[in-house]
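This report describes selected features of a predicted protein model. It begins with a single tryptophan and proceeds to sheets and helix packing.

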Amino acid sequence: MRVHDVVGIGIGPFNLGLAALSAPVDGLDAVFLDAAEEFRWHPGMMIEGATIQVPFLADLVSMADPTSPYSFLNHLKATGRLYPFYIRESFYPLRAEYDAYCRWVAAQLPSLRWGRRVVGLEQEGDHYVVTTDRGESYRGRHVVLGVGTQPVVPEHVRGPVVHSAGYLAHRDALRTAGSVTVVGSGQSAAEIYRDLLGTTHRLDWVTRSPRFFPMEYTKLTLELTSPEYTDHFHALPAELRRRLGREQRSLYKGISGDLVDDIYDTLYRLSLDGPVPTTLLTDTELLGAAWDGGAFTLTLRHAQLDEVYERRTDALVLATGYTAQVPDFVLGIRHLLDWDDTGRFAVARDYSVDGGRGRVFVQNAEEHTHGLTAPDLGFGAWRNSSILASITGREVYPIERRIAFQQFGVPAGAAVR
């Protein structure tokens, strides 16, 4: 009976990175399962020309092993695009290019099993048994949950809304609608608004943020993605972490400054022919959306004025983000795992969730415990290095523990009053 060292559930960028970093490790037997038939990264937002918001070094492996054959630069070399990328002089790959890179890596890894939906997870002796909808069983000493996040659709919204996750499939229909309203504050909302601008009869953008804020990308701010700050954040009380999570949204959920400027320049250009049929509403919350079979009636609240009003729109696009999920199959070992008071995983600093035994780990389900590094592609290789160290009992890839110039918290040796 074969018992794998690692069974990974879900093959998004983070578990794909773990598979790539596991591949060259002698004696490490890993297998990764996913319900999809192939790797696809945010296919609904593959808008032409859109780039990822992190530099190319934030690939699957480079921050753990710059010599890895699965690096983005090696992908460019293998596909004959290294020199064009060099001449382009931009650190930020196209989104479609990043997806192609991930698919290139996935095609080389024999540890991946596609078309297998996990339906059960049980403990059996000193290992776990993972079952799929094909009736297969995979046994593993360790399990890494990388099931990803799910689109958020507010409960008070009813009708045939389009979430940004599926935008491209609906773009043609949106362009022929009489009026379209985009709701959201981040990069996805901005990209969709820019993509539709000038193609619809009327286009509105609603955000509850007080302004269309750009992502803060200064270098000292980026040190908040450091291991030291993650240590600091993880040690804070839960309520303080929740408050900081809200306050730090602009650090990773804002809009590219270049895109903000491009939207303004486009509005300016379109205004040469007269008023642009668009309204941008800030500090405005969507309280509800009712569908009458032909259009939506939106109930909106202006926060500063505390006034509620209604607007009509033919189509509604929600760029309302994603949330971590606890999959149903985890219920089989629920009693073995740690939970917080809201029903989320209580994730330890080493990304384990099983009471310190270090046998069950999560990827990108720890924003509430570890902060803004959880969804950050650039930190994925560090987290995978940590998980592999826990699994193997050694640092397969060196783990940087201090990289920041800043001191978070009270300096060591300070006299606390």
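Beyond its neighbours within four places in sequence, W339 is in contact with V326, V330, R334, R344, F345 and A346, contact meaning heavy atoms within 4.5 Å. The residue belongs to the loop between strand 16 (322–324) and strand 17 (360–362); helices (H or I, at least four residues) and strands (E, at least two) are DSSP runs numbered from the N terminus. The side chain of W339 reaches the backbone oxygen of R334 at 3.1 Å, and a polar atom of that side chain lies 3.4 Å from the backbone oxygen of L337. From C-alpha to C-alpha, W339 and V353 are 8.0 Å apart in space, with their positions 14 residues apart in sequence.

The model is predicted, and local features need pLDDT of at least 70, side-chain atom pairs count only at pLDDT 80 or more, and totals for chains, interfaces and linings use all residues. Residues are numbered from 1 along each chain as its sequence is written, and side-chain values use heavy atoms, with hydrogens and water left out.

**Sheets**

Strands of a sheet pair through backbone hydrogen bonds, either parallel or antiparallel. Two strands are taken to pair if DSSP finds at least two bridges between them.

One open sheet has three strands in the order 12-13-14, with antiparallel pairing. Strand 12 (284–291) and strand 14 (307–313) stand at the edges with a single partner strand each, so one side of each lacks a neighbour in the sheet. On average, and with direction ignored, neighbouring strands of this sheet are turned by 25° against each other. In the hairpin of strand 12 and strand 13, four residues lie between the strands, and G293 takes a positive phi near 100°.

Another open sheet contains five strands in the order 8-15-9-10-11, and its pairing is parallel. Its edges are strand 8 (162–163) and strand 11 (278–281), each having a single partner strand, so one side of each is left without a neighbour in the sheet. Helix 6 packs on this sheet and touches strand 9, strand 10, strand 11 and strand 15 (315–318). The direction of helix 6 makes about 170° with that of strand 10.

The following table lists strand pairs with their bridges and one bridge partner pair each.

| Strand pair | Bridges | Sense | Partner pair |
|---|---|---|---|
| Strand 12 and strand 13 | seven | antiparallel | G288 and T299 |
| Strand 13 and strand 14 | seven | antiparallel | L298 and R311 |
| Strand 9 and strand 10 | four | parallel | V182 and W205 |

**Helix packing**

Two packed helices are described by the angle between their axes and the distance between the axes. Axes are lines fitted to C-alpha atoms, for helices over the stretch in contact, and angles run from 0 to 180 degrees between N-to-C directions.

Helix 6 (residues 187–196) and helix 10 (residues 257–270) pack at about 25°, their axes being 10 Å apart. Helix 6 is therefore roughly parallel to helix 10, a label for angles under 35 degrees, with over 145 counted as roughly antiparallel, 65 to 115 as roughly perpendicular and the rest as oblique. On the helix 6 side the contact is made by Q187, A190, E191, Y193 and R194, and on the helix 10 side by L259, D262, I263, T266, L267 and R269.

Helix 1 (residues 13–22) and helix 12 (residues 380–392) pack at about 55°, with axes 9 Å apart. Helix 1 is therefore oblique to helix 12. F14, G17, L18, L21 and S22 of helix 1 meet G380, A381, R383, N384 and L388 of helix 12.

Definitions and conventions
Polar contact = N/O pair within 3.5 Å; in protein donor to acceptor, adjacent residues only side chain to side chain.
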